[in-house]
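Q: Please go through this model with me, setting each value against the definition behind it.

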Amino acid sequence: MCGIIGYVGTRDASPILIESLKKLEYRGYDSSGIGLLDHGSRLIVRKSKGKIRNLEELLRSHPLPFSTVGISHTRWATHGLPCDENAHPHTDNKHQIAVVHNGIIENYAQLREKLKKQGCRFISQTDTEVISHLIAACYKGDLKEAVQRSIKQLKGAFAIGVISKDHPDMLVAARVGSPLIIGLGDDENYIASDVPAILDRTRRVIYLQDGQMAVLTKDKVEVFTFDGKKVAPKIDTVSFTIGLAQKEGYKHFMLKEIHEQPGVLEAMLKTRLAGGKLKLEGLDVSDKVLASIKKVMIVACGTAYHAGLVGKYIIESLARLSVEVDTSSEFRYRSTIIDQNTLIVAVSQSGETADTLAAVREAKAKAKGAKVVSICNVVGSSLVRESNGVLYTHAGPEIGVASTKAYTAQLMMFYLFGLKLAQVRRSTPRSRINKIIKDLQSIPRHYKELLKKNSNVLKVAEANSHFGCFLYLGRNINFPTALEGALKLKEISYIPAEGYPAGEMKHGPIALIDEYRAVVCIAVASHVYEKMISNIQEIRARKGNVIAIATQGDREIAHHAHYVIEIPRIEELLTPLLAVIPLQLMAYYIAVKRGNDVDQPRNLAKSVTVE
Ligand code: F6R
């Protein structure tokens, strides 16, 4: 949700900024811009509607001068349409100060009125523009002080980068709510929304904390609280490699990330199930507390919410604990009944999703003393800092906007966590726990097999890509799989797709079915298999086109479905791990066939840092 990057050093800033900005394009891509200071101390800004390639074109026709300090931004619109004027950086009226911003300024309307009365002319419809005018109004020759005085007046979430014409060797940054990292180089330093943007330049980073600001020059980074108190920042070394943030021969990041899933789960199992023993490092909630909890409350958004729904079935089955799952945006506004005996589990790839962060804060306020465990991919994210314990999925950077490897890693973590709860609560016989552990260890091998034999999925996708509406049906633990399959398809192909519990079909969705609809039925071997077959027959009786996800060796299904995609046979509880793979691939192939931008689907952004 908007990407920002800043550079101060000795090299020419603009090519560095543009190359790095492209690695943040997954965060937003409706417009972009760049602001530089040349050493005649002019502030130069170029902006363009659309993707970063449009900005690059503009820079070819209107080249920028050599500069060693600059800021750049790729936007996902919140306030004001995508257009050149609303693109960042925003400047003050004297064109002395430029600002890039990720987040939302909630009191921008009041600030705007106040600044207008002081004579400021506003050019854009954005909330961000108030920041540049505010800094200019507070500026008395010291940029750090002006930023500090301005940000104290802001309400909402922000990560900002600021440059000033009077300070051609300085970059100032600050954050509340939205992520911001500082990259430490040799004779140069960076700010960025996310690590992949600077990974080919440095591995040494500072994760700026909420309520902190930083002053960067080419050879120094100083971090302060908003009250001006200097703090000694922790310097981390990023462990993942640049390869993880590149396509490495794949046509799209999404396809690469689908193919990374066997490796991700293999690595998880190696560290978390070494020698067949569960190792949930980071959980930081004692066995005594886990044994005493009475309820689990899972909060998450989108794909992570679907992982949470599968988590409910896993925990209820293995730990015999009551589990509630809610989308974060609903949870935060309802009067949920939770207390200190409730364990809150927040699931998020990015750890920066505004609604999930708010849900966790709400839960902590409601249930004093309740523990919060997050299942998260991004190390050091805001969610992790707000949780008592964290179960990192370590799936590596997920760049494709449609989540794939983060989802299966979240599922795997729920299985491991479910087993842990079952162990401490003695709710499942040891023999069953061992059997599940053994089956989990076979998952990476099954993934490799599924991905190798994907030509059938491609065939099915191509044969069905013309349908204008898809229904996804599943029962029990594969009802969330149906939801996730439908979400993947609609996100990247823009085909209306609905996920439903198959038993609910007769209560409404059946009205949709005719020869122009495709219905994906997850009919894997399970205790609800016969029920799924009955649903398929009901669909066939109404001329619907059935694509079945079924278990290898099922001879019956071919008599009922038009198309069958097989997954390997596995214990019923683990089927969501396998059934989702063909659904990810099918969504991908259909979107490609329709000529869509798979990695950057319209209107979406990877990390949703606004409500
Ligand atoms: C779907 C997708 C989104 C995210 C959702 C939550 O493919 O990516 O639905 O799952 O925005 O994001 P995180 O997991 O970062 O909290």
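A: A contact here means heavy atoms within 4.5 Å. On that footing, residues 24 or more positions apart account for 72% of the contacts in the protein chain with a separation of 6 or more. The model is predicted, so local features need pLDDT of at least 70 and side-chain atom pairs count only at pLDDT 80 or more, while totals for chains, interfaces and linings use all residues. Residues are numbered from 1 along each chain as its sequence is written, and side-chain values use heavy atoms, with hydrogens and water left out.

Q: Why is the protein chain called as compact as a globular protein of its length?
A: The radius of gyration, taken over C-alpha atoms, is compared with a globule rule of 2.2 Å times the number of residues to the power 0.38. For 611 residues that rule gives 25 Å, and the radius of gyration of the protein chain is 25 Å, so the description holds.

Q: What makes Phe467 count as buried?
A: Buried means under 20% relative accessible area, exposed over 50%, and partly exposed in between (1.4 Å probe, protein chains only). Phe467 has 8% relative accessibility and therefore counts as buried; Phe470, at 0%, is buried too. Of the 611 residues of the protein chain, 62% count as buried.

Q: Why is the pair of Phe467 and Phe470 called edge-to-face?
A: Rings of Phe, Tyr and Trp (its six-membered ring) pair if their centres lie within 6.5 Å, and planes under 30 degrees apart count as stacked, over 60 as edge-to-face and the rest as tilted. The ring centres of Phe467 and Phe470 are 6.4 Å apart with planes at 85°, so the pair is edge-to-face. Phe467, Phe470 and Tyr472 form one aromatic cluster.
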